[in-house]
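Reader: I would like a close look at a single part of this model, followed outward through its contacts. Please take your time and keep the links between the steps visible.

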Amino acid sequence: MILGIGVDIVYLPRIAGLVARRGRGPLARRILSPVEHKEFIHRFPKDDQQMTEQVIYLGSRWCVKEAAYKALYPVCRLEWKQVTVAKEQDKPVLKLSNGADGIVGRSHVSLSHDTDYAVAQVIFEAPN
């Protein structure tokens, strides 16, 4: 049984503006789970390195997490760091933590990005 469906779209220049104004560190620490933050720092060790890819990474995570929030609300109010975007067999999957993982059976994620936009759809199934 489907528990919820969520969709979100992010304007990547908006994320680039946040990074330019506040720096990548504060934004990354705010929205990324500890696992994602470690991966982010590993992939992008310097602030000015691969800026476009950094914005895509942060923007796509933002987008997926917003879609996940919409899919579970009002059953559960997810927080940024409760959702980890991982990959299994080259497909994005969600790992939920801090009690949210017991609410969901399976998750399905579709993520796409182009020059200026990232879009994500999340479907959560109820546990059996």
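Author: One definition is needed at the start: a residue counts as buried when its relative accessible area is under 20%, as exposed when that area is over 50%, and as partly exposed in between. The model is a predicted one, and the part I propose to follow is helix H4, which spans residues 51-72.

Lys70 is a good place to begin, because its relative accessible area of 40% falls between the two limits and makes Lys70 partly exposed. Its side chain meets that of Asp8 in a salt bridge, with N and O 2.7 Å apart. Since Asp8 lies in strand S1 and Lys70 in helix H4, this pair ties together parts that are 62 residues apart in sequence. The two partners sit in unlike surroundings: Asp8 has a relative accessibility of 10% and therefore counts as buried, whereas Lys70 is partly exposed.

A second salt bridge from the helix is made by Lys65, whose partner is Glu36, and here the closest N and O atoms are 2.6 Å apart. This pair, too, links distant parts of the chain, with Lys65 in helix H4 and Glu36 in helix H3 (residues 34-43), 29 residues apart. Lys65 and Glu36 are both buried. They do not stand alone, for Glu36, Arg61 and Lys65 are linked in a network of salt bridges. In total, the structure holds five salt bridges.

Helix H3 also contains Arg43, which counts as partly exposed at 43% relative accessibility. Arg43 and Gln54 are 11 residues apart along the chain, and their C-alpha atoms are separated by 8.8 Å. Apart from neighbours within four places in sequence, the residues in contact with Arg43 are Gln50 and Tyr57.

From the charged pairs we can turn to the nonpolar side of the picture. The largest nonpolar core has 34 residues, and those with the most contacts inside it are Leu58, Leu94, Val122 and Phe124. The elements that give two or more residues to this core are helices H1 (12-22), H2 (24-31) and H4, together with strands S2 (83-88), S3 (91-96) and S5. Of these, H4 gives the most, with 10 residues. Leu58 shows how the contacts reach across the chain: setting aside neighbours within four places in sequence, Leu58 is in contact with Ile15, Val19, Leu27, Ala28, Ile31, Leu32 and Phe40.

Two of those contacts, Ile15 and Val19, return when helix H1 is considered, where Leu12, Ile15, Gly17, Leu18 and Val19 are buried. H4 is among the elements that cover the buried residues of H1, and S1, H2 and S5 are included as well. After H1 comes Gly23, whose phi is positive, near 90°.

The strands S2 and S3, which also contribute to the core, run antiparallel and are joined by six bridges. They form a hairpin with two residues between them, and in the turn Gln89 has a positive phi of about 55°. Within this pairing, Thr84 stands opposite Lys95 in S3, and the bridge partner of Glu88 in S3 is Lys91. The side chain of Glu88, however, meets that of Lys95 in a salt bridge with N and O 2.7 Å apart. Lys95 is partly exposed, with a relative accessible area of 39%, and Glu88 likewise counts as partly exposed, at 42%.

Finally, strand S1, which supplies Asp8 to the salt bridge with Lys70, also has a part in a surface feature. Val7, Ile9, Tyr11, Tyr117 and Val119 form a nonpolar patch on the surface, with about 470 Å² of accessible area together. The elements that give two or more residues to this patch are S1 (2-11) and S5 (117-125), and S1 gives the most, with three residues. One of the patch residues, Ile9, is located in S1 and is exposed, because its relative accessible area of 54% lies over the 50% limit. Strand S1 thus holds both the exposed Ile9 and the buried Asp8, and through Asp8 the path leads back to Lys70 in helix H4.

How values were computed: Residues are numbered from 1 along each chain as its sequence is written. This is a predicted model: local features need pLDDT of at least 70, side-chain atom pairs count only at pLDDT 80 or more; totals for chains, interfaces and linings use all residues. Side-chain values use heavy atoms; hydrogens and water are left out. Patches are made of residues with over 30% relative accessible area and no salt bridge: like charges are joined within 9 Å, nonpolar side chains (Val, Leu, Ile, Met, Phe, Trp, Tyr) within 5 Å. Accessible areas come from the Shrake-Rupley method with a 1.4 Å probe; for residues, only the protein chains shown count as cover. A salt bridge is a side-chain nitrogen of Lys or Arg within 4 Å of a carboxyl oxygen of Asp or Glu. Helices (H or I, at least four residues) and strands (E, at least two) are DSSP runs, numbered from the N terminus. Buried means under 20% relative accessible area, exposed over 50%, partly exposed in between (1.4 Å probe, protein chains only). A nonpolar core is a set of buried Ala, Val, Leu, Ile, Met, Phe, Trp, Tyr and Cys residues joined through side-chain atoms within 4.5 Å. Contact means heavy atoms within 4.5 Å. Two strands pair if DSSP finds at least two bridges between them.
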